[in-house]
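This report describes a protein chain from its overall make-up down to individual residues. The sequence and the model are shown first.

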Amino acid sequence: MPIKCHNRVLLLLACVAAAAIALPFVNVAPNRLVSGEPRLLWEIWPFMPVAIVMALAATIALSLLPGRAALWLTLILCELLFVALFWSAGLAATHMASAESPLARTSIGSGLWLWLALCLLACSDAIRRLVPMPAWRWVLNAQIWVLPLALLFSGELNALSLLKEYANRQEVFDDALAQHITILLGTLFPALLVGVPLGMLCYRHPSRQGSVFTVLNVIQTIPSVALFGLLIAPLAGLVKSFPALGSLGVAGTGLTPALIALVLYALLPLVRGVVAGLSQVAPDVLESAHAMGMSARQCFWKIQLPLALPLLVRSLRVVTVQTVGMAVIAALIGAGGFGALVFQGLLSSALDLVLLGVVPTIALAVVLDALFALWLALLRRSAND
């Protein structure tokens with residue numbers, strides 16, 4: 001009787017994880033400016049490959065088993081593996097520091113990065129199969145990070161090169177975080193103030209949608225670096241003609257052109273979301289509301305807006321994640337944020353400094369995306385109730 005695979009995704013992930021054994025577990029460098037040498041798993045702990053093989057065998061066996069019990073065991077196993085790998089990164093860094101030199105820098109290797117990603121994918125797939133309700137999916141996905149974050153804040157990972165770089169540049173990092181959040185909020189609020197009324201105008205006057213979307217599409221196709229550069233000369237000339245603007249913080253470089261460009265990029269998703277959300281409200285519903293004596297304003301606030309809100313939130317979700325990423329490029333014109341760390345690290349060939357800007361950017365985008373996902377799940381649940 002042939003063996004049937006009940007979870008092909010998990011089997012594929014296990015096969016990729018098996019191939020990742022040949023990749024470096026960590027990279028060890030004598031200092032922060034020298035390229036690290038790769039170290040395989042068995043070069044650090046000779047017994048660890050046996051444990052990895054046993055875990056892979058258990059994962060493959062679970063992919064062959066049917067039922068919810070197998071999915072729960074998959075979630076528990078992959079979550080424990082994720083925590084163990086996370087912890088092992090700190091242990092490896094501590095071991096290398098004592099074996100090599102106190103100045104040695106140990107960073108996570110490509111093999112460990114891949115294993116961590118595969119564990120998260122396996123957990124996400126198991127949660128998707130187990131739980132149909134988005135709110136409970138969000139809770140299960142969030143609890144995966146409880147133990148890793150506890151390890152991070154407990155100091156178990158402080159020997160890693162990335163956290164050593166953070167300890168040396170904590171004030172710079174805090175300033176970059178504040179600047180990045182300032183760019184994000186300074187983009188979202190003006191974009192909402194412009195995008196929502198513009199979307200409502202396009203909805204109420206369909207004849208104007210073509211010209212509005214044409215302009216917004218053209219703006220969206222301009223590369224971000226080019227748009228930042230195009231704004232420098234006009235803003236510098238404007239400040240030169242009206243010096244009072246300079247006292248208000250307006251300048252050809254820095255935060256002003258960055259915010260203008262990011263707001264322009266945010267308009268297309270927002271306007272489309274408003275138009276699509278308002279258009280999905282059935283005309284019969286509005287006619288019934290008018291027949292019941294509701295005014296146009298009451299129809300908008302009590303019927304159209306609640307029904308259109310999920311699409312508007314999805315558009316705002318896209319804009320938020322997009323802005324977090326594009327704000328890194330804004331550092332090229334002096335806007336600051338995590339991009340300043342990234343480009344400073346690239347110029348000095350310091351990979352840890354690059355990661356000190358990249359990893360928090362990714363984490364910020366993921367956290368904000370998860371919060372929007374929770375918001376949408378709650379909206380869906382309230383609509384069903």
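The sections below treat the overall architecture, the nonpolar core, one helix, the salt bridges, a surface patch and some separations in space.

The model is predicted, so that local features need pLDDT of at least 70 and side-chain atom pairs count only at pLDDT 80 or more, while totals for chains, interfaces and linings use all residues. Residues are numbered from 1 along each chain as its sequence is written, and side-chain values use heavy atoms, with hydrogens and water left out.

**Overall architecture**

The chain has 17 helices and three strands. These elements are DSSP runs numbered from the N terminus, helices being H or I runs of at least four residues and strands being E runs of at least two. Along the principal axes, the C-alpha atoms of the chain fill a box of roughly 75 × 65 × 35 Å. Of the 385 residues, 42% count as buried. Here buried means under 20% relative accessible area, exposed means over 50%, and partly exposed lies in between (1.4 Å probe, protein chains only).

**The nonpolar core**

In soluble globular proteins, nonpolar side chains tend to be buried together. A nonpolar core is defined as a set of buried Ala, Val, Leu, Ile, Met, Phe, Trp, Tyr and Cys residues joined through side-chain atoms within 4.5 Å. The largest such core in this model has 41 residues, and those with the most contacts inside it are Phe25, Leu41, Ile44, Trp45, Leu85 and Trp115. Two or more residues of this core are given by each of helix H1 (8-19), strand S1 (26-29), helix H2 (41-44), helix H3 (48-63), helix H4 (68-99) and H5. The largest share, ten residues, comes from H5.

**Helix H9**

Helix H9 covers residues 170-204. The expected span of a helix is 1.5 Å times one less than its number of residues. For the 35 residues of H9 this gives 51 Å, and the end C-alpha atoms are 51 Å apart, which agrees. H9 nevertheless bends by about 30° at Leu192, the bend being the angle between axes fitted to the seven residues ending there and the seven starting there. The buried residues of H9 are Phe173, Ala176, His180, Ile183, Leu184, Thr187, Leu188, Ala191, Gly195, Gly199, Met200 and Cys202.

**Salt bridges**

A search of the whole structure finds six salt bridges. Each is a side-chain nitrogen of Lys or Arg within 4 Å of a carboxyl oxygen of Asp or Glu. Three of them are listed here.

| Salt bridge | N to O distance |
|---|---|
| Arg128 and Asp125 | 3.0 Å |
| Arg129 and Asp125 | 2.8 Å |
| Glu165 and Arg169 | 2.9 Å |

Arg128 and Asp125 both belong to helix H5 (residues 110-130), where they are three residues apart, about one turn of the helix. Arg129 and Asp125 are also separated by about one helical turn, because they lie four residues apart in H5. Asp125 counts as buried because its relative accessibility is 8%. Its partners are less covered: Arg128 is partly exposed at 45%, and Arg129 is partly exposed at 33%.

Glu165 has a relative accessible area of 1% and is therefore buried. Salt bridges that share partners join Arg105, Glu165, Arg169 and Asp352 into one network.

**A nonpolar surface patch**

Met133, Trp136 and Val139 form a nonpolar patch on the surface, with about 290 Å² of accessible area together. Such patches are made of residues with over 30% relative accessible area and no salt bridge, with nonpolar side chains (Val, Leu, Ile, Met, Phe, Trp, Tyr) joined within 5 Å and like charges within 9 Å. Accessible areas come from the Shrake-Rupley method with a 1.4 Å probe; for residues, only the protein chains shown count as cover. Val139 is in helix H6 (residues 134-143) and, at 39% relative accessible area, is partly exposed.

**Sequence separation and distance in space**

Ala29 lies in strand S1 and is buried, with 7% relative accessibility. The C-alpha atoms of Ala29 and Ala104 are separated by 5.6 Å, although these residues are 75 apart along the chain.

Val28 is also placed in S1 and is buried, with a relative accessible area of 6%. From C-alpha to C-alpha, Val28 and Pro206 are 61 Å apart in space, with their positions 178 residues apart in sequence.

Phe338 lies in helix H16 (residues 338-347) and counts as buried at 1% relative accessibility. Phe338 and Asn141 are 197 residues apart in sequence, and their C-alpha atoms are 26 Å apart in space.
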